[in-house]
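Open the model in your viewer and keep the selection panel at hand. The stops below go from one chain to the other and end in the core.

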Amino acid sequence: MSDAPTDDQTEDAAPPPPDPEREELVAALRRDLGDWLIEHVNANGDLWVRVDRKAWLKAGEVLREKHGFDYFCFLSGIDWLNNAELVQRYEQVWDPDAEAAGDGAADEGPYVGGRVAGGDTRFQVFARVYNVQRKLGITLKADLDDANPSVDSWVTVYRGADWHEREAWEMYGFEFAGHPGLRHIYLPVEFEGFPLRKDFALLARVVKPWPGLVDKEPVPGEDEEEGAEEAAPA
Amino acid sequence: MTVTEPQQLAYIAGQAAEARLRFELETEGMTLNIGPQHPATHGTLRIIVRLDGEQVVWADPSCGYMHRGYEKLAEVRKYQQVTTLVNRIDWLSSFCNEVPFILAAEQLYEVEAPPRAQWIRTLLFEMGRIANITLFLGEMGVQLGAITPVFYAFRDREHVLNLIEAATGGRFHPNYDRVGGLKDDLPKGWVEETKAVMDKVREFCDQMEDLLLGNEIFERRMRGIGVIPARVGLGYGLSGANIRASGVDWDIRRDEPSVLAWKDCDWKVWTHTDGDSFARYWVRLQETREAAKLVDQLCDGLPSGPIMAKMPARLRVPKGEAWVHTENPLGEMGYYVVSDGGPSGPFRCKIRSASFNNISILPWILRGVYVPDVITILSSLYFILGDIDR
C-alpha cells in the first residue's frame, strides 16, 4: 500500500513497479490465449487481467491446469452504468466546488468505469483465483454483451463457481452457458429484477433520500427541549 | 462356535420379518428438512437432504433467509458508513470484518494509518479471532452431546468481549475503524488487563483439550468423518482452518504483504494432514493458542504515536479498484472495492465472505454420510449465517 502510485489514477498513470513473477505469468497466459488477452495491470502487488469473453473458460482452465491456481476465491460482476441520478444527488449536497472545477465523474459518457483493466461494455464478469503454493493471486475480467450478458460457466473448472454463478445470475442477470442449474440462491423464487444492476432502484432510497449527508428532518425531541428551555426563562 | 437349530430358525425368521417389512413399508428414501431453525445452523440455514435409510444420498443447502444485500447498500453509503454494515457480516468477530474494508478504502484514498493504529488493529483483530473461535471450540462439544464445554467457552469469551468493549465501546459491533486510523486510543490499563486475560484463554484451550480431545466419543464421532481432500477443498474455495486442516499451508496473515503487524511477531501456522472434522477442530484449537501468543506480543511491542493519519477535510476518492483480503477467523475475507472518482461511496463493493464458500462444499461432502454426522460436519466447517448471507 505504501508504494501505491500517488497520482490520481488518471489515464496517464505512472508505470507499475516491475514484478517479474507476475509479468512472467502474463507472458505465459498470452502464449495460450493470444489476442484474447486484452490488457493487464500489474500494480500494488496484484494482477488484473482482462480477457475476451470467448476466452473466459479457457483462461480458467489454463490457470488451474498449467499454473496451479487451485483456489477459487470468488466470481461476481460489475455494472458500469452511470447511476446519474445518484451521483447528482451527492454532487448537489456534497461537493459543488469540485464539480465546478471540472473532472466530474458524471460527464464522461454512459459508463463511469473501466479505470483499472476495466471494460468497454456495461457489464463485466470478474473472478479471482489463487495459487496457494506460489502465494499468487490473479483477478480475471471479461466484458459481456450489453443486451445479452452471457459467458461460459466455470463449474467444470472450479466447482466452487457453482454458487457464485447462481449469485451473479440472480443479482446481475448474467447467463452462464453450461451451468447445471441456474436458480435463485439468496432471493425468493418469485423475485423479479436484478438487484445489483445500477438501474434497479433501492426502494428504501426512493421512498426517503439518505439522511446521512444533510439531515433536514428535525430530530424528534429537539424542538420540545428547545421549547422547554425557552419556556423556562420566560 | 456352532450354531444351534433354534438360533438358525430365529435367524431365518428374522430375515423373513425384515423382508416383509421392506415389502410393506416403502423404505426407498425420504426427504428431510434440516433447519432453517436448527441449533447446529447458528441461524437460518436450511439443508434439504434426501435420505436412504440413515444415509444421505443428496443434500441441497438453501441459504438466503437472512440476506441483507450489503453489496447494494454499500453503494449508497460513504466509505466511513460502510463499517456499520460490515460489522454485521460475521457478528462474532465484527472488528475483523471492518479491517479489510478499511484497508481497501485507505488504498483508494491513498492514505495510510500510523503504526500505532495498525498495531491496535492487529491486536483487536486477534482478539476478535479468540472471541470467535472459543465459541466454536465449546460449541462443537454440544453437537456431540457434551454440554459442559460451551459454558466454559461463554465464560472465557466474556473476558475477551469485555476488553473489546472497553477499547471500542461495542461488544459485538465495535465500529471502531476509521479511514486513516482509529476512533480512539486504548484506555488506560487495558494492555495489562489484556495480558492477564490471555492467560485465561490459554487455560481455556488446555481445558478444552482435556475435556474433548482425549474423549473416546469425541474422537470416534470426529475422526475420519467429513474428510476433505486438499484439491477438492481448494476448488470449492475453502479457506482458513478448513483448508489448513487438509494440509494446505496457507495463511494470508503470513503469506501476503500487509500493513498490519503480523509480520513483526513470532508465531506459527498450524496445519493438519487428515482433513477430517477432528483435524479442523484441532487446527482451530492451536490457532486460538497462537492468537493468544500474538496478542501478548502485540501488547508488548505496541508503538506510541498518533492513531489517526491526517485526512483532507473534503476529499474525492480517486478512481481505482482495490482488493484487500485478510485471514479472518472463518477463513479468507476480502473486499473488492471500486471507486468511480466521485464524492460518494464505493461504486461497487464485492464482499467475499469465507462461509459462503466454506459451505458450498456441503452438497459434495454430505453425500453418503449418516444423519448424525451431518451435524458434526456442519459444525466442524464452522460458519456464521451472516457470513453466508451478507
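Two residues are in contact if their C-beta atoms, placed from the backbone, lie within 7 Å. Keep that cut-off in mind for the packing described below. The model is predicted. The predictor gives the complex an ipTM of 0.81 and a pTM of 0.79.

**Stop 1: chain A as a whole**

Select chain A and colour by secondary structure. Seven helices and seven strands are present in chain A, and along the sequence they follow the pattern α-β-β-α-β-α-α-β-β-β-α-β-α-α. Of its 234 residues, 39% count as buried. Among contacts in chain A with a separation of 6 or more, 60% come from residues 24 or more positions apart.

**Stop 2: the sheet of chain A**

Now show strands 1 to 5 of chain A. They form an open sheet in the order 1-2-5-4-3, with mixed pairing. Strand 1 (37-43) and strand 3 of chain A are the edge strands, each paired on one side only. From one strand to the next, the twist averages 20 degrees.

Zoom in on strand 1 and strand 2 (residues 46-51) of chain A, which pair in the antiparallel sense over six bridges. Select Leu37(A): opposite this residue, in strand 2 of chain A, stands Val51(A).

Add helix 2 (residues 56-65) of chain A, which lies across strand 2, strand 4 and strand 5 (136-144) of chain A. Helix 2 runs at about 170 degrees to strand 5 of chain A. Helix 5 of chain A also packs on the sheet, where it touches strand 3 and strand 4 of chain A. The direction of helix 5 makes about 10 degrees with that of strand 3 of chain A.

**Stop 3: helix 5 of chain A**

Select residues 161-172 of chain A, which make up helix 5. At 1.5 Å a residue, these 12 residues should span 16 Å, and the end C-alpha atoms are 15 Å apart, which agrees. How many of the residues of helix 5 of chain A are buried? The count is 11 of 12, and the helix is mostly covered. Among the buried residues are Trp163(A), His164(A), Trp169(A) and Tyr172(A), along with the acidic Asp162(A), Glu165(A), Glu167(A) and Glu170(A).

To see what covers them, show strand 3 (71-79), strand 4 (123-131) and strand 7 (175-177) of chain A, then helix 13 (354-359) of chain B; the buried residues of helix 5 pack against these four elements. Just after helix 5 of chain A comes Gly173(A), with a positive phi near 75 degrees.

**Stop 4: a hairpin in chain B**

Switch to chain B, where the mean pLDDT is 85 and 94% of the residues reach 70 or more. Select strand 2 (residues 46-52) and strand 3 (residues 55-62) of chain B, which run antiparallel and are joined by seven bridges. Arg50(B) has Trp58(B) in strand 3 as its bridge partner. Two residues lie between the strands of this hairpin, and Gly53(B) takes a positive phi near 65 degrees there.

**Stop 5: the three-stranded sheet and helix 4 of chain B**

Next, show strands 6, 7 and 8 of chain B, an open sheet in the order 6-7-8 with antiparallel pairing. Strand 6 (320-328) and strand 8 (348-352) are at the edges, each pairing on one side only. Neighbouring strands are turned by 10 degrees against each other on average, direction ignored. Nine bridges join strand 6 to strand 7 (residues 331-339) of chain B; His325(B) stands opposite Gly334(B) in strand 7.

Helix 4 (residues 94-109) of chain B packs on this sheet, touching strand 6 and strand 7, and its direction makes about 155 degrees with that of strand 6. Helix 4 of chain B has 16 residues and reaches 23 Å from its first C-alpha to its last, close to the 22 Å expected at 1.5 Å a residue. Is this helix enclosed or open? Of its 16 residues, 16 are buried, so helix 4 of chain B is largely enclosed by the rest of the structure. Glu110(B) follows helix 4 with a positive phi near 60 degrees.

**Stop 6: the core**

Finally, select Val129(A), Phe174(A), Ala104(B), Ala105(B), Met127(B) and Val337(B), the residues with the most contacts inside the largest nonpolar core, which has 156 residues. Helix 5 (residues 115-143) of chain B gives the most to this core, with 14 residues. Centre on Val337(B): leaving aside neighbours within four places in sequence, its contacts are Ala104(B), Ala105(B), Leu108(B), Ala322(B), Pro346(B) and Cys349(B).

How values were computed. Residues are numbered from 1 along each chain as its sequence is written. Chains are lettered from A and ligands numbered from 1 in the order in which they are written. This is a predicted model: local features need pLDDT of at least 70, side-chain atom pairs count only at pLDDT 80 or more; totals for chains, interfaces and linings use all residues. A nonpolar core is a set of buried Ala, Val, Leu, Ile, Met, Phe, Trp, Tyr and Cys residues joined through C-beta atoms within 7 Å. A residue is buried if 20 or more other C-beta atoms lie within 10 Å of its own, exposed if 12 or fewer, and partly exposed in between; C-beta atoms are placed from the backbone. Two strands pair if DSSP finds at least two bridges between them. Axes are lines fitted to C-alpha atoms, for helices over the stretch in contact, and angles run from 0 to 180 degrees between N-to-C directions. The expected span of a helix is 1.5 Å times one less than its number of residues. pLDDT is the predictor's confidence in each residue, from 0 to 100.
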